[in-house]
Amino acid sequence: MDRYPPIADHGLVGNLQTAALISSKGVLDWFAAPRFDSPSVFAALLDHDNGGYFRLAPVESNPTYRQMYYPDSAVLVTRFLSEDGVGEVIDWMPPHTDTAATDRHTLIRVIRAVRGTVRFTLDCRPRFDYGRATHELRVDGQDAEFHAPGATLHLRALFPLHRTGDDVQGSVTLQAGESSGAVLTFCAPGGDAPEAPTADALTEELWRTVDFWQSWVRKSTYKGRWPDIVRRSAITLKLLTYAPTGGLVAAATMGLPEQVGGERNWDYRFTWVRDASLSVRALLDLGFTEEAQAFTNWLGERLRERLDAPGERLQIMYRIDGDPRLTEEILEHFEGYRGSSPVRAGNAAMDQLQLDIYGEAFYALSQARSVGVQPGYDGWKAAARTLDWLCDNWNRPDEGIWETRGGRKEFTYSRVMTWVAFDQGLRLAEQFSRPADVARWRAARDAVLEQIMTRGWSEKEQALVQHYDGDVLDASLLVIPRVGLLGPKDPRWLSTLDAIDRKLVSDSLVYRYDPAASPDGLRGSEGTFSLCSFLYVDALARAGRLRQARYAFEKMLTYANHVGLFAEEIGPSGEQLGNFPQAFTHLSLIMAATSLDDALDAAAQRP
């Protein structure tokens, strides 16, 4: 077993309340429960010795590994090919379709011999509470129970188990056509133990889960050129959504590094207003209206709950249930992925001032109107009062979209998105004939635009730049033609796009900002940012540079992992870096694909 497999060497399974990563060698090395943002039960990705893992794989010393998803589903199939036989592990989590929050979560692992004779071994080593809690173990034949403070883990197998210290092992030999399996259930203490599984029951559950996902995918209206990767991205966004509230986590993991050995190791298992708001447009582009509406409802609750409170009207991120408390701690007992420390749980950036989030929030509310989602009277009053507040508060330095920890600046992207907030608010007020101080909003919108064009423009670079006090370029500004601040062929925008192409693009991969002028106050470097690479495709398509856009998009797709998933960044040798899989990357892939499809279709219709 590899101590630290590549980040990209994993598939994702989940049940719409939490998720697990499983490597192509059959090792479950990340799982937190009962929610995405709960303490881990298995975290070998962050510390091989102390994090815990659950391996179920053949004994063969050097088989060939293959991994795939059952078509249009979140059922993961890991295959092991050798001269003596071919085996499979099929992993899935039955989805919680009633959307009620629960403390009971099940992961099913079915094993099969496809050809020849295959001997599978099981090694289950949970480490509760980020490896800090001890547990008691009871083993009885084919059943094992791990009891820790606040949690019980039940392991029910179709073959004998035995105790090895505080862990459980087992093995079974299968002939071609035979199958077996194990069921892992996390539940709160005192809950009823799950029933012993049968082969027939597991088969029924498998097809029930496949049917759930395939039925959901059939709702997609996408008819474009890249159906497989677009559907996989949509399923990934769905897997990263906490169904009880509609909150979308930024990624399934925490602590995975943006640079191996570096200190940019953040916890992304929370709902960022920015990321989740942009997902609304991506999901609507594919016809998934229920998920878009669920998040706008979540967002509306956040707007309403702080109307009469002092300070900011929105926090940049929340727990998936809307709780604003995300206290950051360092897990000093974890060595980190390949020695990348510190490992952080929680996120201290929650207290940062990032004014762009108001633009993303109103962008989401405005996009939702296209499918008939409109704010009720109370919801509108909350939105209107937020814009009234923003009129008095938009012109402040902040930490910016990249959550810099080097001090506040007047970031251009933050100004762009405050312009979007006023612009979309005015559109909503007019469309739904809602009461609003439109004269004041319009004056603020126009003042933001004038400031951006005078102070955000660099004569040296002939481009809009990252902040008003320098000439650093920033790829976040690639969103400008999408949100309408400038037209996609406006001379100032095309000049900015050319400058980004010169300074930030490397073989179609895009850095967030000049790597030599990092503003984030942290040591080390990072890879190219996949969100920005797909925004670059989007901007190229809108500018009519279709050959360049399509080539850049197709090259980006070659960096997807073996099952179509992306992390946050791409490193110098093409490896995926950062938390995995990342919602920002997958939603921007969808946005780029739909924009490029539309542009190519329009070009094909022209004489």
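**Notebook: strands, helices and cores of a predicted model**

I began with a strand pair and found that S26 and strand S27 (residues 569–570) run antiparallel and are joined by two bridges. The model I am reading is a predicted one. Within this pair, I noted Phe529 opposite Glu569 in S27. I then looked for further partners and found an open sheet of three strands, in the order S26-S27-S28, with antiparallel pairing. Its edge strands are S26 (528–529) and S28 (576–577), and each of them pairs on one side only.

**Entry on the whole chain**

I listed the secondary structure of the chain, which comes to 14 helices and 28 strands. I next asked what radius of gyration the chain has. The value is 25 Å; a compact globule of 607 residues would have one near 25 Å, so the two agree. Along the principal axes, I recorded a C-alpha trace that spans about 75 × 55 × 45 Å. Of the 607 residues, 62% count as buried. The chain exposes about 22,000 Å², and carbon and sulfur atoms supply 46% of that area. I also looked up contacts between residues at least 6 apart in sequence: 68% of them join residues at least 24 apart.

**Entry on a hairpin**

I turned to strand S13 (residues 161–164) and strand S14 (residues 167–175), which run antiparallel and are joined by four bridges. Arg163 stands opposite Val168 in S14. Two residues lie between the strands of this hairpin, and Gly165 takes a positive phi near 65 degrees there.

**Entry on helix H8**

I looked up helix H8, which covers residues 412–431 and has 20 residues. From its first C-alpha to its last it reaches 29 Å, close to the 28 Å expected at 1.5 Å a residue. Is H8 mostly covered or mostly uncovered? I found it mostly covered, since 17 of its 20 residues are buried. After H8 comes Ser433, with a positive phi near 50 degrees.

**Entry on the nonpolar cores**

In soluble globular proteins, nonpolar side chains tend to be buried together. I therefore looked for such groups in this model, and the largest nonpolar core has 201 residues. Which of its members touch the most other members? They are Leu122, Leu155, Trp226, Leu478 and Phe553. Helix H14 (residues 583–605) gives the most to this core, namely eleven residues. Apart from this core lies another, of ten residues, including Val77, Ile108, Val110 and Val210. I then followed Phe553 further: not counting residues up to four places away in sequence, Phe553 touches Trp226, Phe534, Val537, Leu589, Ala592, Ala593 and Leu596.

**Entry on two buried residues**

I located Thr594 in helix H14. Thr594 counts as buried because its relative accessibility is 10%, and the cut-off is under 20%. Leaving aside neighbours within four places in sequence, I found Thr594 in contact with Tyr222, Asp285 and Leu286.

My last residue was Trp213, placed in helix H2 (residues 199–217). Its relative accessible area is 0%, so Trp213 is buried. Which residues is Trp213 in contact with, leaving aside its neighbours within four places in sequence? I listed Leu16, Asp72, Ser73, Ala74, Ile235, Lys238 and Leu239. For Trp213 and Lys238, which are 25 residues apart along the chain, I noted a separation of 9.8 Å between the C-alpha atoms.

Note on methods: Residues are numbered from 1 along each chain as its sequence is written. This is a predicted model: local features need pLDDT of at least 70, side-chain atom pairs count only at pLDDT 80 or more; totals for chains, interfaces and linings use all residues. Side-chain values use heavy atoms; hydrogens and water are left out. Two strands pair if DSSP finds at least two bridges between them. The expected span of a helix is 1.5 Å times one less than its number of residues. Buried means under 20% relative accessible area, exposed over 50%, partly exposed in between (1.4 Å probe, protein chains only). A nonpolar core is a set of buried Ala, Val, Leu, Ile, Met, Phe, Trp, Tyr and Cys residues joined through side-chain atoms within 4.5 Å. Contact means heavy atoms within 4.5 Å. The radius of gyration is taken over C-alpha atoms; the globule rule is 2.2 Å times the number of residues to the power 0.38. Accessible areas come from the Shrake-Rupley method with a 1.4 Å probe; for residues, only the protein chains shown count as cover.
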